[in-house]
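Q: Please take a close look at one part of this model: the surroundings of ligand 2. What lies around it, and how is it held in view by the chain?

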Amino acid sequence: MNTFLKPKWPALAMWLAAGLACQGVAAQGQDDLAAKGAYIARAADCAACHTEPGGKAYAGGYAIASPLGTIYATNITPSKTAGIGGWSEAQFARAVREGVSADGHRLYPAMPYTDYAGISDSDIHALYTYLNQQVAPVDTPPAHVTQLGFPYGIRASMAFWDLLYLKKPSHAEVDPQDSLARGRYLVDVLGHCSSCHTPRNLLMATDSKRYLAGGDVAGWHAPNITSDPNAGIGGWSEDELAGFLKTGHAAGKAQAAGGMAEAVEHSLRYLSDSDLHAMAAYLKSVPAQADPAVSQPDYSYGQPPAKTYDLDNAQSRTSLDAASASTPIGAALLASRTYTDLPKVTEGARLFADACASCHQPSGAGTEDHYYPSLYHNSTTGAATPNNLVMAILHGVDRKGADGPTYMPAFAQDMNDEQVAAVASYVASRFGNPQLKVDAGTVRELRAGGPPPALKAMMPWLLALGGIVVLIVLGLIIHLLRRKPRR
Ligand code: HEC
Ligand code: HEC
Ligand code: HEC
């Protein structure tokens, strides 16, 4: 027996065990960091834009229809050739917070870096760790590259825009105990709610003076979500707001379709209840922005009949059965119905009976479980503008919330502009805002993605003006050059 080694064995064993444990702790620390990064990526909804529907996670290619042309999100997988695999953390931070890519080219604000500008250093570190360690590298670049027409195609011009509109907020940690500060961070910075819910100015930057007062996004209207009791969400309880963010509906108030459905499906439904409540509490504290055109809450219009179901009506009875048996299955059954047989009538009441009443009930009061919502007390039918009512009829509702899937068919194929206008006018006048009249021209414009922004409409004039300025400057230069030899 080797007495020389004997006393050393336990020490060596302890040293080895300690080393292994340390490695374990370090690996655990990396895992925790990556898990934190995954949650930040959810809250910031990075995957929604950087993943093409049906495509590989974060491999890019998702097309964002901007009024100035289509902008494609890029590959942000850790691929060394096609993604951000070779990027340092500082380069990554600069792209996410300042809109400048690793090679120095400016990004378009379709990537919401003006909101992400406030992401804390530790959250950037977690995001960087998550993307590099837990996302599978994809070496194929997206099939499409962004190429905007002149003059928007000049990326360098974004430097001027950034100078005007990119703020340099603090990157300090938010105190997790301070619920309002956490709520603000989630709404303003990670959730980039402002990118849709704040109106944009002439140069298409969000108008900070009208923070969260409502904005237009490709035909949809992202409503006023300030604390104003009429124009905003001042009349919602904190629970209603948090529940809406989690599931996409608040009974007797609103449903999420369009971009809001995507935010719920890809991001908000995954957030913790305490984070959702922090967001709701913060929203209720946002200074009210009144709208002179809105004198009562959108969802306070009309009185539904006392009876929710019209049981004397055979059609209503059938859909009640389908709805109450199992709502998602009922939805699938009803969705499998095609509406191509809709007679080409332009009479709102008949169209409603044929295309809508099976779910929303002939009375318009929906089903008792609210799966098929009441069209009374509904921020879409009571709104001052027809956008979301028309867009919901054209594109339907298709969303997964924390409580499961929700589906309403799209009628864009089955109804022409006159029919959509007729049924929308009927729905508004009978269940919602009776002042709202929808005409076929409005439907046509919304079908095409809404009115173009002022910048686009003005561009030919701006270019002409720019051309004149260039001519004057050229003229001056020629004039000066001509004078020189004479001296
Ligand atoms: C609303 C859509 C949207 C969201 C949300 C979004 N991005 Fe982007 N991102 C884009 C688009 C579009 C581009 C390309 C912009 C361009 O080409 O000018 C981009 C570019 C980038 C780039 C630069 C890549 C390169 O090769 O230059 C990085 C890095 C990036 N995003 C990371 C992120 C991260 C991290 C998140 C979440 C915190 C995120 N993005 C969320 C749309 C989005
Ligand atoms: C991509 C654009 C987009 C983003 C991002 C977005 N929203 Fe929305 N939001 C909408 C649209 C569009 C509607 C209207 C949906 C409808 O009526 O079907 C809406 C509706 C809402 C409503 C219901 C308001 C009402 O009066 O009916 C609330 C509350 C809301 N959003 C909160 C938020 C919050 C909080 C965030 C950030 C976490 C957010 N939204 C991010 C587009 C967006
Ligand atoms: C197959 C059943 C079904 C049919 C048919 C149907 N809907 Fe819906 N509708 C729904 C469901 C489900 C929702 C979303 C509920 C939710 O988000 O919780 C909805 C939501 C709505 C909303 C609110 C959308 C928003 O974005 O706020 C309106 C308005 C509406 N429907 C009107 C109509 C009209 C008008 C028709 C007929 C042209 C119609 N619906 C046909 C099931 C249906």
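A: Here is a walk around ligand 2, from its neighbours to its polar contacts. The model is predicted, so local features need pLDDT of at least 70 and side-chain atom pairs 80 or more, while totals for chains, interfaces and linings use all residues. Residues count from 1 along each chain as written, chains are lettered from A and ligands numbered from 1 in written order, and side-chain values use heavy atoms, without hydrogens and water.

Start with the neighbours. There are 25 residues around ligand 2 (a heavy atom within 4 Å). C193, C196, H197, M260 and S379 come nearest.

Now sort the shell by class. It has 17 nonpolar residues (Ala, Val, Leu, Ile, Met, Phe, Trp, Tyr, Cys and Pro). Another eight are polar, and none is charged (charged means Asp, Glu, Lys and Arg; polar means the others, Gly among them).

Next, trace the shell along the chain. Several helices and strands each give at least two residues (DSSP runs: H or I of at least four residues for helices, E of at least two for strands). The helices are helix 8 (194-197), helix 9 (238-247), helix 10 (258-266) and helix 11 (273-285). The strands are strand 4 (220-222) and strand 6 (254-255).

Finally, look for polar contacts (N or O pairs within 3.5 Å). Q255 uses its backbone: an N or O atom there lies 3.2 Å from an oxygen atom of ligand 2. T380 uses its side chain, with a polar atom 3.4 Å from a ligand 2 oxygen. N388 also uses a polar side-chain atom, which lies 3.3 Å from an oxygen atom of ligand 2.

Methods. Polar contact = N/O pair within 3.5 Å; in protein donor to acceptor, adjacent residues only side chain to side chain.
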